[in-house]
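Student: I have a model open and would like to go through it with you piece by piece. Could you keep to what can be computed from the atoms?
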Amino acid sequence: MESGMGGEAAEPQNPRFFVAVHVGAGYHAPSNEKALRSAMKRACLAAASILRRGPGHGGCVDAVAAAIQVLEDDPCTNAGRGSNLTEDGKVECDASLMDGQSGAFGAVGAVPGVPNAIQIAALLVKEQIKGSSLLGRIPPMFLVGEGARVWAKYKGIALPVTVIEADQRLVTPKAKAQWKHYKAMLLGAKAETDISSDGNSCNAQQTASMQDSQTQTCDAVEENRAGKSCMLSPLGQDRIMDTVGVICVDTEGRIASGASSGGIALKVSGRVGLAATYGSGCWASVKGPFGAPFIVGSCVTGAGEYLMKGFAARECCVSPSLSQAGPASACMKVLRTVVNDSSQNDTDRSAGILLVQADAPIEVPGNPPKLKAVEIAAAYSSLSFGIGYFGSAMERPKVSILRSTKQQGGNGIDHFEARIDLSTENLP
């Protein structure tokens, strides 16, 4: 250890940090739980490796992007490789990232041929923080489709030469099998609709085949609660509704959050979902609505259309700043509103919310501020919700697939909450 000659001894920084991740709400098959837990652990460690360097070496934006890239590369998640396929059997991804310090937000929607959509979202955030470019042109915030892919290549992001080449890796056998199953169901449903509307008839073999396909899918999920769509994967496989997400806080209380998704199964090509929508898929801020310091970030996952209408991620961050109820109550309040609205419209009410709220960093004269403690909360109306977290005071990440404790047919919301003191080293 070096010491300054004739000056104060150089003290190690030991940056504090906190990372929270999720792998989507919906139904996570027990057979895939080990792989999902491993993915969350690796995502936490990827973010931690950046945050441990301190605020001058990458920061929260890079940490969020690194963690989400791990999740996108893992075929067990519905993001990047292994994503749900569009109606025509392609991969189109959504992603967004928000920096709480500057308020910069970057997103891509329905982008084809991109293994890591979060890389483009992170670059959009950095371009905004940098400011106006040549001739004062305003940096873009949200790019979609092929235009997003072209922009990323122009900015130096390494991508496969063609979309076809990219899909050879992004489309997994499991995703292809599920797509074929859903496609058969859709064609069967359309045929039945045509029959009933036209008064025509099909042969008995076709009718029996369509009925068997639909019955198999609904029977495969005995746990399915009232109000949930029965369109689960065959043979009790995963049905992950939408996004993966990450929230990172650094030693000085800076925060960022991000989300990435392959979207809902059999989506219309060009559909942009929750993970890319401003205020809906992720949010991060270091100030409350009236300017007072308030460090908070959230990620939201679920069948995006009804969640997008209420700016769910932003509402989860604003709500605790206006009351003393705490992050868990804020999550449950927002989710309860979503569930009630979706039940009136007879839509799938599966959703999950992950929220991190940090105490104001400790201010010591002559030293940079240091993160003290954080609260993490999760609320979900789905059958399961995969979450994990890791802090500088912990020996290893904690990960879990939370499973619903509510009775079948109920409309309840489950939740999880914990407070982590980062000033104590090596918590178990």
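Student: Let's start in the middle of things: in which strand does Ile353 lie?

Tutor: Ile353 lies in strand β10, residues 351-358, where helices (H or I, at least four residues) and strands (E, at least two) are DSSP runs numbered from the N terminus. Before going on, note that this is a predicted model, in which local features need pLDDT of at least 70 and side-chain atom pairs count only at pLDDT 80 or more, while totals for chains, interfaces and linings use all residues. Residues are numbered from 1 along each chain as its sequence is written, and side-chain values use heavy atoms, with hydrogens and water left out.

Student: Does Ile353 count as buried or exposed?

Tutor: Ile353 counts as buried, because its relative accessibility is 1%; buried means under 20% relative accessible area, exposed over 50%, and partly exposed in between, with a 1.4 Å probe and protein chains only.

Student: And what does Ile353 touch?

Tutor: Leaving out residues up to four places away in sequence, Ile353 touches Cys299, Val300, Cys316, Cys331, Val334, Leu335, Ala377, Ala378, Ala379 and Phe385, a contact being heavy atoms within 4.5 Å. For Ala378, which is 25 residues from Ile353 along the chain, the C-alpha separation is 5.5 Å.

Student: Phe385 is on that list, so where does its strand sit, and which faces of β12 are covered?

Tutor: Phe385 belongs to one of two covered faces of β12: Phe385, Ile387, Tyr389 and Gly391 are buried on one side, and Ser384, Gly386, Gly388 and Phe390 are buried on the other. Strand β12 covers residues 384-391, and 8 of its 8 residues are buried, so the strand is largely enclosed by the rest of the structure.

Student: Which strands does β12 pair with?

Tutor: Taking two strands as paired if DSSP finds at least two bridges between them, β12 runs antiparallel to β1 (residues 18-27), with 7 bridges joining the two. It also pairs with β13 (residues 398-403), again in the antiparallel sense, over 6 bridges. His22 has Ile387 of β12 as its bridge partner, while Phe385 has Leu402 of β13. A hairpin of 6 residues joins β12 to β13.

Student: Switching to helices, how does the length of α2 compare with what it should span?

Tutor: Helix α2 (residues 59-73) has 15 residues and should span 21 Å at 1.5 Å a residue, and its end C-alpha atoms are 22 Å apart, which agrees; the expected span is 1.5 Å times one less than the number of residues.

Student: What do the buried residues of α2 pack against?

Tutor: They pack against β1, α1 (33-51), β2 (92-99), α3 (117-130), β6 (243-249) and β7. The helix is mostly covered, with 11 of its 15 residues buried, and among them are Cys60, Val64, Ile68, Leu71 and Glu72.

Student: Now the backbone: which residue in β3 has a positive phi?

Tutor: That is Ala110, found in strand β3 (residues 105-112), with a positive phi of about 50° although it is not a glycine. Most residues other than glycine have a negative phi. Ala110 is buried, with a relative accessible area of 7%. Phe311 also has a positive phi, near 50°, but lies in the loop between α8 (304-308) and α9 (312-322) and counts as partly exposed because its relative accessibility is 43%.

Student: What about Gly270, where is it and what does it touch?

Tutor: Gly270 lies in the loop between β7 (255-261) and β8 (282-287), and, not counting residues up to four places away in sequence, it touches Glu92 and Ala110. Its C-alpha atom is separated by 8.0 Å from that of Gly109, 161 residues apart along the chain. With 45% relative accessibility, Gly270 counts as partly exposed.

Student: Last one: how many helices and strands does the protein have, and how much of it counts as buried?

Tutor: The protein has 10 helices and 14 strands, and of its 428 residues 54% count as buried. Among contacts between residues at least 6 apart in sequence, 71% join residues at least 24 apart.
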